[in-house]
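Look at how helices sit in a fold. Which residues face inward, and what covers them? The report below takes these points in turn.

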Amino acid sequence: MEVKFLNQDFIVKEIAQIGSDVAGVKIMEKKAKIIAFKITNLSTPAVMILKQEALSVGGDFATPKECILVEKSHYDGILFGTIGQLQRVIAKLSIQPFGLKELGNILKKHISCREFSQKIMAVINVTPDSFFESSRNSVQSAITQIETLITQKQAEIIDIGGASSRPGSALINPQEELGRLREIFKHIAKNQLFKYVQFSIDSYNTLVAQNALDSGFSILNDVSGLKDIKMIQLAAEYQAQVVLMHTQGTPQEMQNLTNYKNLFLEMDEFFVQKIATLQAYGVCDVILDIGFGFAKNMEQNIELIRNLAHFQKFGYPLLVGASRKSTIQKILNKEAKDTLSGTLALHFLALQNGANILRVHDVTEHRDMIKIFKAYYA
C-alpha cells in the first residue's frame with residue numbers, strides 16, 4: 001500500500017487518471033475543491049440562517065466568537081465549502097428573507113464563471129518618458145519590434161501607446177500623441193499587419209483612438225477608465241473590443257486617491273456602472289483590467305492579485321499589467337530595470353488567481369513562463 005498526498009488543484013485530474021466514469025468525475029469535481037467568500041455587514045437573523053444552512057450541507061459559515069451573544073445587529077463572516085455544498089446553500093437561500101435571496105444570486109455569479117485562455121499583450125511605448133526606460137521606442141524601433149513579435153508569434157495582442165501614464169505624468173496633447181504614432185499606424189495599415197495579430201491602442205484621446213481604429217486596430221485600451229463617452233461611442237461605431245480599467249483621477253493625481261472605504265465594493269460599483277453604459281451603447285466585447293498601480297498603493301495592489309478571482313463574476317476576461325511597476329520595485333528594493341524576476345513571479349500568481357491577459361514588457365520571458373504554467377496545470 002502507498003499513500004500520496006494530493007494538491008487540491010489536481011484532485012479532479014487524479015480522479016480521471018484512475019479511470020473513473022466521465023459523468024462521475026464531473027460530479028466529484030464539485031466535491032473536491034473548497035472555495036470561500038467573505039460576507040460583511042450581514043444582519044444577525046441572516047447570519048443565523050446562513051450558519052444553519054451551511055452546516056446542513058456539510059459546509060460552514062465562520063463568525064466572530066461574540067456572535068453567539070447576539071448583541072449587534074450585523075456581523076461579518078466567512079462562508080466556505082465545496083462547490084456542490086455551496087450550490088445547495090444557494091438553492092436554499094432562494095426562499096429565505098433578510099437579503100439572503102440576493103446573497104444567493106451574488107454567490108451564483110461567482111460560482112458559474114466562464115473560462116478564458118491565457119494571452120500576452122505586448123507593450124510598445126513610443127514615448128520619451130515611460131517609467132521603464134528600456135521600453136521607450138522610436139518610430140523605427142517600434143516598427144521593428146512589432147514585426148519581430150508577429151514573425152515569432154510571441155504575442156496575441158500588441159498594445160501601442162504614445163503617451164506615458166506613469167504616476168505623476170501630465171496629460172498629453174492629442175496632436176502631439178498622434179504625431180508620435182502616425183507613421184506606425186500607416187505601416188500597420190499598409191502592410192495589413194492586423195491580419196496576423198490584434199492591435200490595441202493605449203490612449204485616452206479619441207482623436208488618436210479613431211486614427212488607430214481606421215488603421216486596423218481592434219482594441220481600445222483607455223487608462224482613464226472610459227471617462228469620455230466619445231470613446232465608448234467610437235467603440236460602438238467600430239465594433240471594437242474595449243479594455244475597461246478601474247482608476248481614479250488622472251495619472252498626475254491618482255496616487256493621492258488611494259483612500260477607499262471598501263476597495264472591492266467600490267471597484268464593483270465602478271465596473272457595474274461602466275458595463276451598463278457600454279451595453280447601452282451596444283458594446284459587449286469587454287476586457288476587465290483591475291488597474292494595478294492606478295490609484296492603488298502597494299498593499300491594495302497585492303490584495304487585488306490575491307483575490308483576483310473576485311472579478312470573474314462579471315464574465316469577462318481579466319487583464320493584469322504589473323510589469324516592472326513600482327509595487328514590485330518597492331518589494332524588491334530595486335529599480336524597474338532589475339525587476340523582471342519579480343514581474344514574472346507576480347504575473348504567475350495572477351494567472352493562478354484568474355488572470356487571462358498579461359500586459360508585459362518582456363514578451364519572450366513571459367511566453368516561457370506561460371508554457372511552464374500550462375505544463376503545471378496540464
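## Exposed side of H14

In this predicted model, helix H14 exposes Lys-371, Ile-372 and Ala-375 on one side. The buried residues of H14 lie on the other side. They are Val-363, His-366, Arg-367, Met-369, Ile-370 and Phe-373. Seen down the axis of H14, these buried residues fall within an arc of 160°, so they line one face of the helix.

An α-helix has 3.6 residues a turn, so residues three or four places apart point the same way.

## Length of H14

Helix H14 covers residues 363–376, which makes 14 residues. At 1.5 Å a residue, H14 should span 20 Å. Its end C-alpha atoms are 20 Å apart, so the span agrees with the expected value.

## What H14 packs against

The buried residues of H14 pack against two strands, E4 (119–125) and E11 (357–360). They also pack against two helices, H6 (139–152) and H13 (340–352).

## His-366

His-366 is part of helix H14. Its relative accessibility is 0%, so His-366 counts as buried. Leaving aside residues up to four places away in sequence, His-366 touches Ile-120, Thr-343, Leu-344, His-347, Leu-358 and Val-360.

## Helix H4

Helix H4 spans residues 83–93. Its buried residues are Gly-84, Gln-85, Leu-86, Val-89, Ile-90 and Leu-93. The cover over these residues includes helices H2 (22–32), H3 (44–56) and H5 (100–111). Strands E1 (34–43) and E3 (74–82) are also among the elements that cover the buried residues of H4.

Notes:
Residues numbered from 1 in each chain as written. Predicted model: local features only at pLDDT ≥ 70, side-chain atom pairs only at ≥ 80, totals over all residues. Heavy atoms only, no water. Helix = DSSP H or I, 4+ residues; strand = E, 2+ residues; numbered from the N terminus. Expected span 1.5 Å × (residues − 1). Buried < 20%, exposed > 50% of the residue type's maximum accessible area, 1.4 Å probe, protein only. Arc of directions from axis to C-beta. Contact = heavy atoms within 4.5 Å.
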